[in-house]
Amino acid sequence: AHGWGYLTTNGPEKWAEDFPVANGPRQSPINIVPREAQYDSSLKALKLKYDPSNAKGILNNGHSFQVDFVDDTDSSTLTGGPITGTYRLKQFHFHWGASDDRGSEHTVNGIKFPCELHLVHWNTKYPSFGEAASQPDGLAVVGVFLKIGAANPRLQKVLDALDAIKTKGKQTTFANFDATTLLPASLHYWTYDGSLTTPPLLESVTWIVLKEPISVSPAQVLTLIPRLLLSLLYHDKKGKMVMFRSLLFTGEGDAPCCMVDNYRPPQPLKGRLVRASFR
Ligand SMILES: NS(=O)(=O)c1ccc(C(=O)O)c(S(=O)(=O)NCCc2ccccc2)c1
Ligand SMILES: [Zn+2]
């Protein structure tokens with residue numbers, strides 16, 4: 001049987017067949033309506049402390065690429081914000097579109113960004129990530145929108161590594177990456193109780209979506225094309241912005257299938273409250 005994916009044959013509209021929680025009460029992503037979010041003055045500031053030496057490797061997992069972190073100590077953690085206790089960084093990954101009018105999972109007033117970064121953390125009150133992933137307060141994911149704009153030299157290191165992981169299952173070392181460089185200046189956020197946005201869609205995620213996007217410039221990416229030849233943002237001849245092209249969902253030897261549009265659309269709020277850390 002084919003696994004889940006993002007094609008019409010195995011995409012988000014089909015996931016409930018194998019993962020019935022897809023129709024659960026706290027599914028992600030959602031459309032965020034800032035005017036309907038409730039400012040909560042008791043929400044603390046986010047504290048993200050990442051140790052660059054914890055970066056382990058970068059992997060094409062067949063539905064995105066992820067940078068994995070060593071998570072056997074509290075050296076890369078999320079504290080404060082809407083959560084209590086200490087959550088450890090496990091990995092970060094991206095969702096993007098085949099064109100610049102789509103790609104993000106969360107939307108703001110119905111607006112899609114071309115890309116969204118997810119930094120996945122797990123609650124250290126549980127013995128492992130796998131254990132935490134099945135608990136209602138087990139995971140916390142920080143979502144950061146990407147928009148096309150000024151250059152972002154730090155993202156380049158991630159893009160550079162992609163040509164070594166073109167096909168599913170490929171991975172390469174990726175040391176000394178400071179994930180805090182991927183964060184915007186303001187850590188103002190919206191937060192709500194949700195789920196993983198890919199199967200197994202576990203309802204164990206406290207979502208923390210930053211209001212301020214980070215930007216990456218087309219020019220910056222154009223300089224990468226010769227070296228990357230793979231996942232990149234570039235203006236095609238029609239001037240349309242194209243994102244993270246041609247990473248492949250498929251493994252070596254399979255008929256190549258472009259890894260694009262790897263995002264789940266917004267899910268019903270089902271009465272949930274979205275809180276804002278800012279007025
Ligand atoms: N968009 S999201 O942040 O919800 C997300 C997407 C993909 C993954 C993943 O592992 O592939 C993850 S993960 O790193 O949290 N792993 C979830 C799958 C998993 C569950 C339980 C044990 C191992 C892996 C999260
Ligand atoms: Zn994600």
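**Zinc site, pocket and backbone**

Colleague: What kind of site does the zinc ion (ligand 2) have, judging by the angles among its donor atoms?

Modeller: The site of the zinc ion (ligand 2) is tetrahedral, with angles of 100 to 113° among its four donor atoms. Donors are N, O and S atoms within 2.8 Å of the metal (3.2 Å for Na, K and Ca), and since water is not among the atoms, sites may look incomplete. Four donors count as tetrahedral if all angles lie between 85 and 135 degrees.

Colleague: Before we go on, what sort of model is this?

Modeller: This is a predicted model, in which local features need pLDDT of at least 70 and side-chain atom pairs count only at pLDDT 80 or more, while totals for chains, interfaces and linings use all residues. Residues are numbered from 1 along each chain as its sequence is written, chains are lettered from A and ligands numbered from 1 in the order in which they are written, and side-chain values use heavy atoms, with hydrogens and water left out.

Colleague: Back to the metal, then: which residues coordinate the zinc ion (ligand 2)?

Modeller: H93 and H95 each coordinate the zinc ion (ligand 2) through NE2, and H118 does so through ND1, at 2.0 Å. H95 belongs to strand β7 (residues 87–96) and H118 to strand β9 (residues 115–123), so this pair, 23 residues apart, links distant parts of the chain. Helices (H or I, at least four residues) and strands (E, at least two) are DSSP runs, numbered from the N terminus. Along the chain, the donors follow the spacing H-x1-H-x22-H.

Colleague: Is H95 buried or exposed?

Modeller: H95 is buried, because its relative accessible area is 2%, and H118 is buried as well, at 1% relative accessibility. Buried means under 20% relative accessible area, exposed means over 50%, and partly exposed is in between (1.4 Å probe, protein chains only).

Colleague: Which residues lie nearest the centre of the largest pocket?

Modeller: The largest pocket is lined by 22 residues, and Q91, H93, V120, L196 and T198 lie nearest its centre, so H93 appears here as well as at the zinc ion (ligand 2). The volume of the largest pocket is about 360 Å³. On a 1 Å grid over the protein atoms alone, a pocket is an open set of points with protein on both sides within 12 Å along at least five of seven lines, and lining residues have an atom within 4 Å of a point. Grid points are joined across faces, edges and corners, and the volume is the space filled by probe spheres set on the points.

Colleague: Which strand gives the largest share of the lining?

Modeller: That is β7, with four residues, while β7, β9 and β10 (139–148) each supply at least two.

Colleague: Switching topic, what does R88 touch?

Modeller: R88, which is found in strand β7, touches several residues, among them D71, D72, T73, V120 and W122, not counting residues up to four places away in sequence. Contact here means heavy atoms within 4.5 Å. A polar atom of the R88 side chain lies 3.1 Å from the backbone oxygen of T73. R88 is buried, with a relative accessible area of 15%.

Colleague: And which backbone oxygen does the side chain of N123 reach?

Modeller: The side chain of N123 reaches the backbone oxygen of D137 at 3.1 Å. N123 is found in strand β9 and is buried, at 4% relative accessibility.

Colleague: What about the backbone: where is the peptide bond cis, with omega near 0°?

Modeller: The bond from S28 to P29 is cis, with omega near 0°, and P29 lies in the loop between α1 (15–18) and β1 (31–32). The bond from P199 to P200 is also cis, with omega near 10°, and P200 sits in the loop between β12 (189–194) and β13 (205–210). Most residues other than glycine have a negative phi, and most peptide bonds are trans. N109, although not a glycine, has a positive phi of about 50°, and N109 is partly exposed, at 41% relative accessibility.

Colleague: Last one: how many helices and strands are there in the protein?

Modeller: There are five helices and 17 strands, and buried residues make up 54% of the 279 residues.

Key. Four donors count as tetrahedral if all angles lie between 85 and 135 degrees; four count as square planar and six as octahedral if opposite donors are over 155 degrees apart and all others between 65 and 115; anything else is irregular. A polar contact is a pair of N or O atoms within 3.5 Å; within protein, one must be able to donate a hydrogen and the other to accept it, and residues adjacent in sequence count only if both atoms are side-chain atoms. On a 1 Å grid over the protein atoms alone, a cavity is a set of points where a 1.4 Å probe fits but cannot get out, and a pocket is an open set with protein on both sides within 12 Å along at least five of seven lines; lining residues have an atom within 4 Å of a point.
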